[in-house]
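User: I'm new to this one and would like a close look at a single part, the nonpolar core. Could you walk me through what builds it and how far to trust the picture?

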Amino acid sequence: MNPRQQQKQLDKLGGWRQFAFLLALAERAFPNFALFSDLTDPASGDRFRDGLNLGWSMLLRKDHNVDVLQLLTRLERGCPNPDDHDVYGVQPALDAWWLLEQALLCHVNPDKKRAAEGASVALNTVTTFIEVTEGEGLGDEELVQLFDNHDLTRAEKGFQEALLEMLRKARAPDPGVIHEILGMAHNEGVSNLGLEVPERWAGYPDLTVEDMQ
């Protein structure tokens, strides 16, 4: 899918599809947040994981009673502040937090288009990581080549393309579709940066049988 086609597909996303797209990006980015929170504030990692789980449950159950504004307020307490941490890891953590916030805001203001910016933020997390870890001393053209040919960039683009295709074909957010998206995004606890989630959060997301019905 070329960039123009992807932009058109992203612009068409709305309702539960946009929510699912952003939630999947946040799920994929969770290990980046978890690794940072494990060193700074583990409780914020628990709140993030709970927020993700509630998000998936909201997709599975139309009659959910989740207070989204209350959930957003709870998550706000764990928002990473780059001014407080002089380490690179704060930025991928902040990107992940922002993606989850945007997903949940789909319920507060469902008419706003958020998917394209979310896709861009997720991809920028990857390219910035590549630049920090492998791009020292490279010029602009060399960096572009590094990004274009890097396995992490290709994996992120491939993930977003597959996710869009899955959502395009889905007629409704039935349990089979949602769990297929969740499984792909969870990626066995490995993030879009190739980082493994800490052991305490390593299990598959705990969605109950009731959420499936």
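Analyst: Let's start with the core itself. The largest nonpolar core holds 55 residues, and Phe21 and Trp56 have the most contacts inside it. Quite a few helices chip in: α2 (15-40), α3 (42-60), α4 (68-76), α5 (90-108), α6, α8 (151-169) and α9 (175-186) each give two or more residues to this core. The top contributor is α2, with 14 residues.

Now zoom in on Trp56. Skipping its neighbours within four places in sequence, Trp56 touches Leu23, Ala24 and Glu27, along with Arg49, Ile178, Ile181, Leu182 and Leu207. There's also a second, separate core, made of eight residues, with Phe129, Leu143, Leu146 and Leu193 among them.

How far can you trust this? Keep in mind that the model is predicted. The protein's average pLDDT is 92, and 97% of the residues score at least 70. Helix α6 (residues 115-134) has the highest confidence, with a mean of 97, while helix α10 (residues 209-212) has the lowest, with a mean of 42. Over residues 209-213 the pLDDT stays under 50, and the model has eight contacts for them beyond four places in sequence. Where pLDDT is low, don't read the predicted coordinates in detail.

One last stop, since α6 turns up again: α6 gives the most to the lining of the largest pocket, five residues. That pocket has about 300 Å³ of space. Of the 14 residues lining the pocket, Pro3, Gln6, Leu123, Lys157 and Gln160 lie nearest its centre. The lining is a mix of six nonpolar, six polar and two charged residues.

Methods: Residues numbered from 1 in each chain as written. Predicted model: local features only at pLDDT ≥ 70, side-chain atom pairs only at ≥ 80, totals over all residues. Heavy atoms only, no water. pLDDT = per-residue confidence, 0-100. Helix = DSSP H or I, 4+ residues; strand = E, 2+ residues; numbered from the N terminus. Contact = heavy atoms within 4.5 Å. Core = buried A, V, L, I, M, F, W, Y, C linked by side-chain atoms within 4.5 Å. Buried < 20%, exposed > 50% of the residue type's maximum accessible area, 1.4 Å probe, protein only. 1 Å grid on protein atoms, 1.4 Å probe; cavity = no way out; pocket = protein on both sides within 12 Å on 5 of 7 lines; lining within 4 Å. Points joined across faces, edges and corners; volume = space filled by probe spheres on them. Nonpolar A, V, L, I, M, F, W, Y, C, P; charged D, E, K, R; others polar.
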